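Here are a few exercises to work through with the structure open beside you. Try each task before reading its solution.

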Amino acid sequence: MTVQSDRAMLRVLSGEAVWPPPAWMMRQAGRYLPEYRATRATAGSFLDLCYTPDFAVEVTLQPIRRFGFDAAILFSDILVVPHALGQDVRFVEGEGPRLDAMGDRAAFERLREAGDPAILSHLAPVFETVTRLRAELPNETTLLGFCGAPWTVASYMIGGRGTPDLAPSRALAAADPALVEALIDRLVTVQTAYLIRQFEAGADAVQIFESHAGVLPEDPEGGDPLARWSLRPIARMIEGIRAKVPGAKIIVFARGSGLDGHTRVVPETGADAVGVDWAVDLAALRGRIPAATVTQGNLHPETLIEGGAALDAAVDAIRAAAEGRPHVFNLGHGITPQTPIAHVERMLARLRG
Ligand code: CP3
């Protein structure tokens, strides 16, 4: 695997404690960059940007050119999958995504069946973007694909939008758990195939985004909601991917799952690395997981906005918690549009210095 050994992030995902740690940022292609805003303005809608390889390749490469990150993440969105299943998806300027809420069995039955070839053909531009990116990226840059975890995607499909308490999804899971389970099963099958195709197109590793791990249906029988709705469906995806792509490198980011939840991600899903959100203390987590476990994260995006001495101290704290361990430097959630570019430069200089 000599090709892989040129890519520092892949070496970390294989368990090597590379120092200083390789770095990338969630949402690194985004509105804090003037060049992103310029491409976004010519591309038309947000979905046009995702589905046009010329544009998607360009915005993926922008943060690599500017900052020399160790990994590029495919530019797309977790909601292209509901779109491929036949649900209406729109991105409303300044408000975020809007879907036609899937409130009942009839709406579920209107979705495409898991094996419908129209799903992956709808997503063909994404695979083309991946292939072109692998050809255009510097050899040492790791290329990441991604998708949303089944519960997070299902909660957008059911609620029609992101809400802090996910009330519609939790209510449907209480009223008709079999329906929500059927939706999750379909997402497991479809997204397993989706990530396999991303690997076949040239992705070096993938990240599964469980952004809603902190808001799960309650289980009146004292069960284990994190396992039932999040970790087990993700584990099934990982097993399915590795059956076709042996040794596939996979990161799971279970935002909001707390210190306990973060300790469970690798053992219960089979992931290669746990993405750590900003609410978890990295040193405390490292104290509770095996030394060989690979971590990624977890600078608070607001500290990156603040900059200055607070930023330096936060980078130093992550370095101290990660030193001697396999770690990928990242934020603890996506970078926000108001972040000064100079602070990203300062963060990287401090990390690498
Ligand atoms: O990280 C990257 O640079 C790769 C691209 C990427 C996007 N979305 C682009 C995007 C990735 C990996 C995502 C994942 C995603 N999308 C998640 C999981 C991660 C997380 O943030 O928790 C979620 C929940 C979504 C759904 C989504 N897409 C929301 C809630 C929003 C609106 C928020 C916002 O910032 O406006 C989007 C839109 C979106 N996806 C933008 C980008 C760059 C901003 C839209 C724009 O440019 O107008």
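**Exercise 1. Find out how confident the predictor is in this model.**

Solution. Start with the chain: this is a predicted model, and the protein chain has an average pLDDT of 96. Next, look at the spread: 99% of the residues score at least 70. Finally, take the scores for the model, which are ipTM 0.95 and pTM 0.97.

**Exercise 2. Trace the order of the strands in the open sheet and identify its edges.**

Solution. Step one is the order: the seven strands of this open sheet run β1-β4-β5-β6-β7-β8-β9, and the pairing is parallel. Step two is the edges: β1 (71–73) and β9 (327–331) each pair on one side only, which makes them the edge strands. Step three is the turn between neighbours: on average, neighbouring strands of the sheet are turned by 25° against each other, ignoring direction.

Now zoom in on one edge. β1 pairs in the parallel sense with β4 (residues 142–148) over three bridges. Within this pair, Ala 71 is found opposite Thr 142 of β4.

To add a helix to the picture, find α14 (residues 258–269), which lies across β6 (249–254) and β7 (273–275). Its direction is at about 150° to β6.

**Exercise 3. Decide whether Leu 144 is buried or exposed, and list its contacts.**

Solution. First place the residue: Leu 144 belongs to strand β4. Then count its surroundings: 22 other C-beta atoms lie within 10 Å of Leu 144. The cut-off for a buried residue is 20 or more, so Leu 144 is buried.

Next come the contacts, leaving out residues up to four places away in sequence. Leu 144 touches Ala 71, Ala 72, Ile 73 and Leu 74, and also Ala 203, Ala 205, Val 206 and Gln 207. For a distance across the chain, take Gly 202: it is 58 residues from Leu 144 along the sequence, and their C-alpha atoms are 9.2 Å apart.

**Exercise 4. Describe how the two assigned domains meet.**

Solution. Begin with the bounds: the domain assignment gives domain 1 as 1–27 + 285–353 and domain 2 as 74–275. The centres of these domains, taken over C-alpha atoms, are separated by 24 Å. Then count the contacts: 16 residues of domain 1 are in contact with 16 residues of domain 2.

Now look at the side of domain 1 that touches domain 2. At least two of its residues come from each of α2 (8–13), α15 (282–288) and β8 (294–299). By character, the residues on this side are eight nonpolar, five polar and three charged.

Notes: Residues are numbered from 1 along each chain as its sequence is written. This is a predicted model: local features need pLDDT of at least 70, side-chain atom pairs count only at pLDDT 80 or more; totals for chains, interfaces and linings use all residues. Two strands pair if DSSP finds at least two bridges between them. Helices (H or I, at least four residues) and strands (E, at least two) are DSSP runs, numbered from the N terminus. Axes are lines fitted to C-alpha atoms, for helices over the stretch in contact, and angles run from 0 to 180 degrees between N-to-C directions. Two residues are in contact if their C-beta atoms, placed from the backbone, lie within 7 Å. A residue is buried if 20 or more other C-beta atoms lie within 10 Å of its own, exposed if 12 or fewer, and partly exposed in between; C-beta atoms are placed from the backbone. pLDDT is the predictor's confidence in each residue, from 0 to 100. Domain bounds come from an automatic or database domain assignment. Ala, Val, Leu, Ile, Met, Phe, Trp, Tyr, Cys and Pro count as nonpolar, Asp, Glu, Lys and Arg as charged, and the others, Gly among them, as polar.
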